[in-house]
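Welcome, and thanks for taking a look at this one. Please keep the viewer open while you read, as the notes below go from topic to topic.

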Amino acid sequence: MKNFVNYKWLEENLYKDNIVILDARGELSDTRAGQELYDKGHIPNARFVSLEEVMTGEISEHGGRHPLPDMKKFVDDMKDLGMEDDSTVVIYDDGSLSFAGRLFWILKYIGKEDVYVLNGGYNNWVRSGGEITESSPFVERKEDLSLKINDDLKVDMEYVRNSIGKDSTTLIDSRSYERYSGEKEPLDKIPGRIPGAVNYPYDKLIEDDFPSLAEINEYYKDLKDSKEIILYCGSGVSATVNYMFMEEAGLKPKLYPGSYSDWISYEENKIESDF
């Protein structure tokens, strides 16, 4: 697969000079959880990346619960972690893929090549007998990391609003069915969905095990004829899992980073609900 590496590959390449390993673990309900998990044990040579402090920008009236960071600052943060244009980057989280996917997408958005996610994440690494450590690696800051924004990967609220009702666009809601339908909403103040969206829960493909390419293709088969696919979730985090898998299936989705939490910040925007 083009976006993922497995346990064996990482084990064989763990200490190569050009490998940058990023630990993106965390919990949406606890901003300290990621650092605490890292401190208790992580893959050797891994550097911790916080969702809140590195992958999220300043929260304001609009932009959602996890707005994108300032990209110049983000690139500077990656330089501090030893990343450069020639680095091969491997990202992991606990295996749910959403935090790793967020970091993967941002790196792709700034134009970084050779970026991968560890399938099965840290939990599978431990189950497989992988080496773990509590020691943080010595990291030398690098200066040769380019910023080449790929605008083809992102759309904003106005673009989504103007796309509603167009046969050429498929809007994908990556949240659970309960949140998509409006039955439950644990995080945002208004339950429901963006009008016209269809539901592809981000975690469906990894319910049992990491999917094969055939299983990925089967899951997205009804989207093969879509001229344009726009992804959203609650705040632009878990939708990136669909982004990675859709790319594996040969699709070219775009992300609405502000997602549903940004959409409902505009009073004039309409909401659909089954309840």
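Here is a short briefing on a cavity, a sheet and a few loop residues.

Please bear in mind that this is a predicted model. A search of the whole structure turns up 1 cavity of 30 Å³ or more. There is also an open sheet of 4 strands with parallel pairing, and two non-glycine residues with positive phi, N45 and L97, are worth a visit.

**The cavity**
- The largest cavity holds about 60 Å³ of space.
- Its lining includes R25, G26, E27, D30, T31 and G34.
- Further along the sequence, F48, S50, L51, E52 and F99 also line the largest cavity.
- By residue class, the lining of the largest cavity is made up of 3 nonpolar, 4 polar and 4 charged residues.

**The sheet and its helix**
- Reading across the open sheet, the strand order is β7-β6-β8-β9.
- At the edges sit β7 (198-199) and β9 (254-255), each of which pairs on one side only.
- Helix α9 (residues 239-248) packs on this sheet and touches β6, β8 (228-232) and β9.
- The direction of α9 makes about 145 degrees with that of β8.
- Strands β6 (residues 169-173) and β7 run parallel and are joined by 2 bridges.
- Within that pairing, D173 has N199 of β7 as its bridge partner.

**E183, in a loop before β7**
- You will find E183 in the loop between α7 (177-181) and β7.
- Is E183 buried or partly exposed? E183 counts as partly exposed because its relative accessible area is 44%, which falls between the 20% and 50% cut-offs.
- Setting aside neighbours within four places in sequence, E183 is in contact with E178 and F275.
- E183 and S273 are 90 residues apart in sequence, yet their C-alpha atoms are 8.1 Å apart in space.

**Positive phi outside glycine**
- N45 belongs to the loop between α2 (33-40) and β3 (46-48).
- The phi of N45 is near 75 degrees, a positive value in a residue that is not glycine.
- N45 is classed as buried because its relative accessible area is 18%, and the cut-off for buried is under 20%.
- L97 lies in the loop between β4 (88-92) and α4 (98-109).
- L97 is not a glycine either, and its phi is positive at about 80 degrees.
- L97 counts as buried too, with 0% relative accessibility.

Methods: Residues are numbered from 1 along each chain as its sequence is written. This is a predicted model: local features need pLDDT of at least 70, side-chain atom pairs count only at pLDDT 80 or more; totals for chains, interfaces and linings use all residues. Side-chain values use heavy atoms; hydrogens and water are left out. On a 1 Å grid over the protein atoms alone, a cavity is a set of points where a 1.4 Å probe fits but cannot get out, and a pocket is an open set with protein on both sides within 12 Å along at least five of seven lines; lining residues have an atom within 4 Å of a point. Grid points are joined across faces, edges and corners, and a volume is the space filled by probe spheres set on the points. Ala, Val, Leu, Ile, Met, Phe, Trp, Tyr, Cys and Pro count as nonpolar, Asp, Glu, Lys and Arg as charged, and the others, Gly among them, as polar. Two strands pair if DSSP finds at least two bridges between them. Contact means heavy atoms within 4.5 Å. Axes are lines fitted to C-alpha atoms, for helices over the stretch in contact, and angles run from 0 to 180 degrees between N-to-C directions. Buried means under 20% relative accessible area, exposed over 50%, partly exposed in between (1.4 Å probe, protein chains only).
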